[in-house]
Amino acid sequence: MRRLLPVAAVLVLAGCGAVPEQPQPVSSTSATRPLQRGDLIGLTTDELGERFGQPSFQVREGPGVKLQWANPSCVLDAFLYASPGSSVLRVAYVDARRPSGDPTDRSACIAAIAAR
């Protein structure tokens, strides 16, 4: 019994580790508001496709999907998740960067990707 106590303590402490924060799913009402300054939050996969065309990269990441568009000046990532009780994926988070990985202006990148 005494030998099991240290093992149990290690298991309990292992469960206390930090869990990475995931973007929160957006409500379906956010998709009905007008887009301002390149805001993509709440758009569906189809709406992104209408705006930017076929993504250059797509990958499932846990419960969500990451869609990526790229051009010589920037890379745009859109992370989509379904709201509870819905199967429709909507943009919850958007990231933009230069192809080198350096940060860039998100609105300018969205405009550049949409213009292609």
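What pattern does the protein follow when read along the sequence? In this predicted model, the protein follows the pattern α-α-β-β-β-β-α, and its secondary structure comes to three helices and four strands.

**Overall figures**

Of the 116 residues of the protein, 30% count as buried. The accessible surface comes to about 7,800 Å², and carbon and sulfur atoms account for 57% of that surface. Among contacts between residues at least 6 apart in sequence, 46% join residues that are at least 24 apart.

**The sheet and the helix packed on it**

The four strands form an open sheet in the order β1-β2-β3-β4, with antiparallel pairing. At its edges lie β1 (57-61) and β4, each of which pairs on one side only, and the twist from one strand to the next averages 20°. Helix α3 (residues 106-115) packs on this sheet, where it touches β2, β3 and β4, and the direction of the helix makes about 95° with that of β3.

As general background, strands of a sheet pair through backbone hydrogen bonds, in either a parallel or an antiparallel manner. Here β1 and strand β2 (residues 64-70) run antiparallel and are joined by five bridges; glutamine 58, for example, has leucine 67 in β2 as its bridge partner. The hairpin that these two strands form has two residues between the strands, and glycine 62 takes a positive phi near 60° in this hairpin.

**The nonpolar core**

The largest nonpolar core has 18 residues, and those that touch the most other members are Leu40, Leu48, Phe52, Trp69, Leu76 and Val91. At least two residues of this core are supplied by each of α2 (45-52), β2, β3, β4 and α3, with β4 giving the most, namely four residues. Phenylalanine 52 illustrates how such a residue is surrounded: leaving aside neighbours within four places in sequence, phenylalanine 52 is in contact with Leu40, Trp69, Leu76, Ile110, Ile113, Ala114 and Arg116.

**The salt bridge**

Side chains of opposite charge can pair when their charged atoms come close. The structure holds one salt bridge, in which the side chains of arginine 97 and aspartate 77 meet at 2.3 Å, N to O. The pair links distant parts of the chain, since arginine 97 lies in strand β4 (residues 89-97) and aspartate 77 in strand β3 (residues 75-82), 20 residues apart. The two partners fall into separate accessibility classes: aspartate 77 has a relative accessible area of 3% and is therefore buried, the limit being under 20%, whereas arginine 97, at 23%, is partly exposed because its value lies between 20% and 50%.

**Accessibility of three residues**

The table sets the two salt-bridge partners beside a residue from helix α3, alanine 108.

| Residue | Relative accessible area | Class |
|---|---|---|
| Aspartate 77 | 3% | buried |
| Arginine 97 | 23% | partly exposed |
| Alanine 108 | 42% | partly exposed |

Where does alanine 108 lie, and how far is alanine 108 from cysteine 74 in sequence and in space? Alanine 108 lies in helix α3, and its relative accessibility of 42% makes it count as partly exposed. Alanine 108 and cysteine 74 are 34 residues apart in sequence, while their C-alpha atoms are 9.0 Å apart in space.

Definitions and conventions
Residues numbered from 1 in each chain as written. Predicted model: local features only at pLDDT ≥ 70, side-chain atom pairs only at ≥ 80, totals over all residues. Heavy atoms only, no water. Salt bridge = Lys/Arg side-chain N within 4 Å of Asp/Glu carboxyl O. Buried < 20%, exposed > 50% of the residue type's maximum accessible area, 1.4 Å probe, protein only. Contact = heavy atoms within 4.5 Å. Areas by Shrake-Rupley, 256 points an atom, 1.4 Å probe, with all protein chains shown as cover. Pairing = 2+ DSSP bridges. Axes fitted to C-alpha atoms, helices over the stretch in contact; angles between N-to-C directions. Core = buried A, V, L, I, M, F, W, Y, C linked by side-chain atoms within 4.5 Å.
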